[in-house]
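Subject: Structure handover

Hello,

Here is the structure I said I would pass on. Please open it before you read the notes below.

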Amino acid sequence: MIISASRRTDIPAFYSDWFFNRVREGFVMVRNPINIHQISKITLDTGVVDCIVFWTKNPANMISRLHLLEKYKFYFMFTINPYGKNIELNVPQKNDVINTFIQLSKIIGKDKVIWRYDPIILTEDIDLNYHYKYFDHLAGKLAPFTNKCVISFLWMYNKTKFNLKSFAIKHITEDMKETAVKSLALIASKHGLKIVSCAESDFSSLGITPAKCIDPQLISKIVGAPIINDKDKNQREKCGCIASIDIGAYSSCTHNCLYCYANSNLRTVYKNISVHNPTSPLLFGEVEANDKISERKLKSSCIGQQSMF
């Protein structure tokens with residue numbers, strides 16, 4: 001079983017106390033985002049959890065406590081973009097997150113820290129040359145501390161469209177994507193980085209392979225044994241990730257990036273944050289009388305280690 005922590009919110013940045021409490025207790029509860037009164041109880045037993053994939057823009061709050069995960073295998077998908085506070089409202093200053101990226105890599109190794117440059121947005125003020133300039137700058141800083149960069153272009157979810165309505169967002173055609181990918185790949189190569197594309201068209205003719213952010217090959221390398229798991233059917237068609245269990249919750253990330261698909265609106269975000277309890281098994285709120293809790297029957301995806309709970 002692979003734990004995703006989390007596509008829905010930034011657990012390392014905002015909920016690390018809660019996460020480490022869950023590790024200590026050995027389980028986590030997750031509400032069904034469609035039927036909120038259905039709760040899954042998920043074991044965090046190391047005999048079942050093959051790997052944890054952390055998604056974050058700022059894991060600084062976790063770094064001093066990574067030793068508490070010594071029994072687990074894990075890696076980080078670490079997003080650093082070229083945008084300012086007008087788009088990424090509460091993301092820390094770039095120099096700070098770059099330094100955190102470097103610090104994390106020095107502790108856990110460059111294989112386990114993957115840089116995400118995502119999403120690529122075009123506006124009246126942000127053109128492809130802007131991206132080439134800042135990608136080159138960031139790659140120069142990060143390349144010694146990672147092996148791979150994942151890129152993706154803006155996907156206009158309804159929430160994203162609403163939040164970016166004050167910007168003149170430019171449509172990115174397939175030809176424009178191909179032009180951008182070629183140039184970004186050349187820059188990445190100059191810095192010794194491998195570049196892959198997430199949930200995008202097939203750019204293999206350009207030497208760019210599709211990304212698998214939850215990657216069975218990387219997990220197998222980290223775990224030291226083959227991982228067998230199906231493609232994640234809950235993701236976009238072109239997503240290459242294998243199946244995982246996400247332990248986050250929507251509308252709970254206060255980075256407040258305007259392109260985010262996971263936040264509905266700020267009012268809901270701050271309402272959810274107001275009922276966050278680091279000792280609760282749920283990310284926010286408590287188990288209520290009319291909730292139905294089901295314990296997931298899970299097993300390791302690692303060949304040769306098929307413990308089941």
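The notes below go through the sheets, one strand, the cores and one helix residue.

Please keep in mind that this is a predicted model.

The eight-stranded sheet

Eight strands form an open sheet with parallel pairing, in the order β9-β8-β7-β6-β5-β4-β1-β10. At its edges are β9 (209-210) and β10 (245-246), each of which pairs on one side only.

Strand β5 is a convenient place to start. It covers residues 74-79 and is mostly covered, with six of its six residues buried. Which residues of β5 point one way, and which the other? F74, F76 and F78 point one way, while Y75, M77 and T79 point the other way, and all are buried. This fits a general pattern: in a regular strand, side chains alternate between the two faces of the sheet.

On one pairing, β5 runs parallel to strand β4 (residues 51-56), and five bridges join them. Within that pairing, W55 has M77 of β5 as its bridge partner. β5 also pairs in the parallel sense with strand β6 (residues 113-120), over four bridges. There, T79 stands opposite R116 of β6.

Two helices are worth finding next to these strands. Helix α4 (residues 94-108) joins β5 and β6 in a β-α-β unit, which is right-handed. Helix α8 (residues 216-223) lies across β1 (2-5), β4, β5 and β6, and runs at about 135 degrees to β5.

The three-stranded sheet

Another open sheet has three strands in the order β2-β3-β11, with mixed pairing. The edges are taken by β2 (27-31) and β11 (292-295); each has a single partner strand, so one side of each is left without a neighbour in the sheet. From one strand to the next, the twist averages 25 degrees. The pairing of β2 with strand β3 (residues 38-43) is antiparallel and has five bridges. In it, V28 stands opposite I42 of β3.

The nonpolar cores

The largest nonpolar core has 65 residues, and I3, F19, L69, W115 and F135 touch the most other members. What does I3 touch, leaving aside its neighbours within four places in sequence? I3 is in contact with I42, L44, V49, C51, I52, V53, I245 and I247. Another core lies apart from the largest one and has 23 residues, among them V53, I214, L218 and I227.

One residue in helix α9

I273 sits in helix α9 (residues 266-274). Is I273 buried, partly exposed or exposed? Its relative accessible area is 27%, and buried would require under 20% while exposed would require over 50%, so I273 is partly exposed. Leaving aside neighbours within four places in sequence, I273 is in contact with Y15, S252 and T254. From I273 to G224 there are 49 residues in sequence and 38 Å in space, C-alpha to C-alpha.

Regards

Conventions. Residues numbered from 1 in each chain as written. Predicted model: local features only at pLDDT ≥ 70, side-chain atom pairs only at ≥ 80, totals over all residues. Heavy atoms only, no water. Buried < 20%, exposed > 50% of the residue type's maximum accessible area, 1.4 Å probe, protein only. Pairing = 2+ DSSP bridges. Right-handed = clockwise from strand over helix to strand, strands pointing away. Contact = heavy atoms within 4.5 Å. Axes fitted to C-alpha atoms, helices over the stretch in contact; angles between N-to-C directions. Core = buried A, V, L, I, M, F, W, Y, C linked by side-chain atoms within 4.5 Å.
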